[in-house]
Amino acid sequence: MNQYTIPFEKAGLYGKMFLDYLSGKDQLKTLYKHTPSIDAFDQIIESRQSFPQYKRDLLVDVLSDQYRNIEDAPVAQILKLGDKNTYTVVTGHQLNIFTGPLFFIYKIAATVNLCRQLAQKYPDLNFVPVYWMATEDHDFEEIASFNLGDKKYTWEHPQIGGPVGRLSLEGMDQIIDRIKDMPEVFKEAYTNFGNLADATRYYVNSLFKEYGLISIDADDVRLKTEFKEIIQQEIFDQKAVEEVEKANQLIIDNGYKPQIHARDINLFYMEDTERLRLEKVGDEFRTVDADYKWSATEMQQLIDASPEKFSPNVVLRPVLQEVLLPNLAYLGGPAEVIYWLQLKGTFDTYNVDFPMVLPRGFCLVMDDCCTVKWQKTGWSLEDVLKNERAIEDKILEEHQEVDTDISDQLAQINSLYNDILKKGVEITPNLEKHIIAEQKRVLKRVQHTQDKLKKEGRRKLKDESDRILKVRSFILPNNAPQERVKNIMEFWSIHQEVIGDSVKCLNPLSFNLNVLCDEC
């Protein structure tokens, strides 16, 4: 497949703070440590050389256990993590069933792409792409549905409420039975494994096994033990909230909008079927529903004995990631990029290295039919991505035979009234307000006629605008980017081609929206 690129700033799909960060605006520079460029990796690698060997050995042990039931596990990649010359590049996402929207695929593809670039720049080092599994997230509704064609499929689970990674796969067979030609990889994942985390690890490994990807699940007592000190500080000293609010104020003062807000305690208490927010009330610690309560002494004992029962929220999850991995960069969507920028002060407070923050891969795929329709229009994809009214107006401008422009007539009316005003004022100044009011009234009526002319012009050219809008609706279904709506199964006949081409073209350092088609 061929590649067509559109710079982020021309695509019209991304927010101002996201774009300003990538362009290096001065007002945001205190919110990050490393400029998003290939040259900045010299400094990051140097700062990560002190990553402890015992943590590397721990990663090898934990990951080997997590992959023990996968026949073609990335054993060589796991063992590389024990080498002091190995570093990671991470993306993370929820455990959406059947991969969820396409951008899940693009996130991982761009992470692989960056590892390949780094391997070329630093041939003596190893770079491992990592998918951070959001197994502890408890928002079941966000992961339980996906779209395929014009249908929405939803997983009906009999018991929800705790970390989704621990959920059994009960009820998943009902979705598998409803979809004709269900890919074997999903059948095997949701049939042969006991919970959502294991099933997700299996299918992700199957889709990306040739790219050396590792998936990691931090819901492990051995990994959480490495986070114990920060858990204790967060609960007893509540350090993160002040740092996040400082960043938020800077963001607001510069005309942007924060993505997240911190709580006094940015941790949940977690059991198999519960993930409950923690708070301090008086001298006690409790969950928000007050079902669980601890004194300060009891809370310290719980942290020491069972750190796995503490789950970070959006503020501390990135900190946990960087504590556990010899990581250089994190790839995320526009909202993720912004909330990572809100966290640098928290990282500094907890003395944790802050990675480079990069945009994930952004991609649209056009099938043969859509590509042919687009090429016949003669339009650039930048213009196709514009809103419907802008497209209709552009078509009107291109068809001079449908002339709806009456700016010359408006100028003549203004000129006539200016002459009338001059005469009227010469007779008596009392006529000035009356004549100006009449001028405004007439211009308003003529403007209404202008709108009618354009409406009829658009109607006359409807067939042509429909041709453009059909292309647009394929890549922006319901005005949302295709990557946020469609599922990889819609492209299953060429899924390896889509994945392979995504790995080649989704360079997270290029800041482009990418379009893949046969003849771009």
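Let us begin at the lining of the largest cavity, which is made by Phe8, Pro359, Arg360, Gly361, Phe362, Leu506, Asn507, Pro508, Ser510, Phe511, Asn512 and Asn514. Keep in mind as you look around that this is a predicted model. By class, the residues of this lining divide into six nonpolar, five polar and one charged. The volume of the largest cavity is about 40 Å³, and a search of the whole structure turns up one cavity of 30 Å³ or more. Rolling a probe the size of a water molecule over the atoms shows where empty space is left.

Two of the lining residues, Asn512 and Asn514, lead us straight to strand β15, which spans residues 512–517. How many of the residues of β15 are buried? Six of its six are, and the strand is mostly covered. Follow the side chains and you will find both faces covered: Asn512, Asn514 and Leu516 are buried on one side, and Leu513, Val515 and Cys517 are buried on the other.

Now look at the partners of β15. Strand β1, residues 2–7, runs antiparallel to β15 and is joined to it by six bridges. Strand β14, residues 363–365, pairs with β15 in the parallel sense over three bridges. Valine 515 is a handy residue to centre your view on: it is the bridge partner of tyrosine 4, and it is also the bridge partner of leucine 364.

Another residue of the cavity lining, Pro359, takes us to a second sheet region. Proline 359 belongs to β13 and stands opposite glycine 332. Strand β12, residues 327–332, pairs with β13 in the parallel sense over four bridges. These two strands are part of an open sheet of five strands, with parallel pairing and the order β6-β3-β2-β12-β13. The edge strands are β6 (214–217) and β13 (356–359), each of which pairs on one side only. From one strand to the next, the twist averages 30°.

Which helices pack on this sheet? Helix α10, residues 196–208, packs on the sheet and touches β3 (126–133) and β6, with its direction at about 140° to that of β3. Helix α16, residues 334–341, also packs on the sheet; α16 touches β2 (86–93), β12 and β13, and its direction makes about 135° with that of β12.

Helix α16 is a good guide to our next stop, the largest pocket, since α16 gives the largest share of the lining, four residues. The volume of this pocket is about 1200 Å³. There are 44 residues lining it, and those closest to its centre are Gln94, Asp137, Glu142, Val314 and Tyr339. The elements that contribute two or more residues to the lining include the sheet strands β2 and β3, along with α6 (103–121), β4 (145–148), β8 (274–281), β11 (310–312), α15 (317–324) and α16. By class, the lining has 17 nonpolar, 14 polar and 13 charged residues.

The second largest pocket has a volume of about 310 Å³. Of its 18 lining residues, Lys55, Val323, Tyr350, Asn351 and Val352 are the closest to its centre. Helices α3 (41–48), α12 (228–237) and α15 each supply at least two residues of this lining, and α15 is among the elements that give two or more residues to the lining of the largest pocket as well. The largest share here, three residues, comes from α12. The classes are represented by seven nonpolar, five polar and six charged residues.

To finish, let us visit two threonines. Threonine 135 sits in the loop between β3 and α7 (140–143). Is threonine 135 buried or exposed? Its relative accessible area is 2%, so threonine 135 counts as buried. Leaving aside residues up to four places away in sequence, threonine 135 touches Leu95, Pro163, Val164, Gly165, Ala197, Asp217 and Asp219. Among these, Ala197 falls within helix α10 (residues 196–208), and Asp217 falls within edge strand β6 (214–217).

Threonine 225 lies in helix α11, residues 221–225. With a relative accessible area of 33%, threonine 225 is partly exposed, because that value falls between the 20% limit for buried and the 50% limit for exposed. Threonine 225 and histidine 93 are 132 residues apart in sequence, and 23 Å separate them in space, C-alpha to C-alpha.

How values were computed: Residues numbered from 1 in each chain as written. Predicted model: local features only at pLDDT ≥ 70, side-chain atom pairs only at ≥ 80, totals over all residues. Heavy atoms only, no water. Pairing = 2+ DSSP bridges. Axes fitted to C-alpha atoms, helices over the stretch in contact; angles between N-to-C directions. Contact = heavy atoms within 4.5 Å. Buried < 20%, exposed > 50% of the residue type's maximum accessible area, 1.4 Å probe, protein only. 1 Å grid on protein atoms, 1.4 Å probe; cavity = no way out; pocket = protein on both sides within 12 Å on 5 of 7 lines; lining within 4 Å. Points joined across faces, edges and corners; volume = space filled by probe spheres on them. Nonpolar A, V, L, I, M, F, W, Y, C, P; charged D, E, K, R; others polar.
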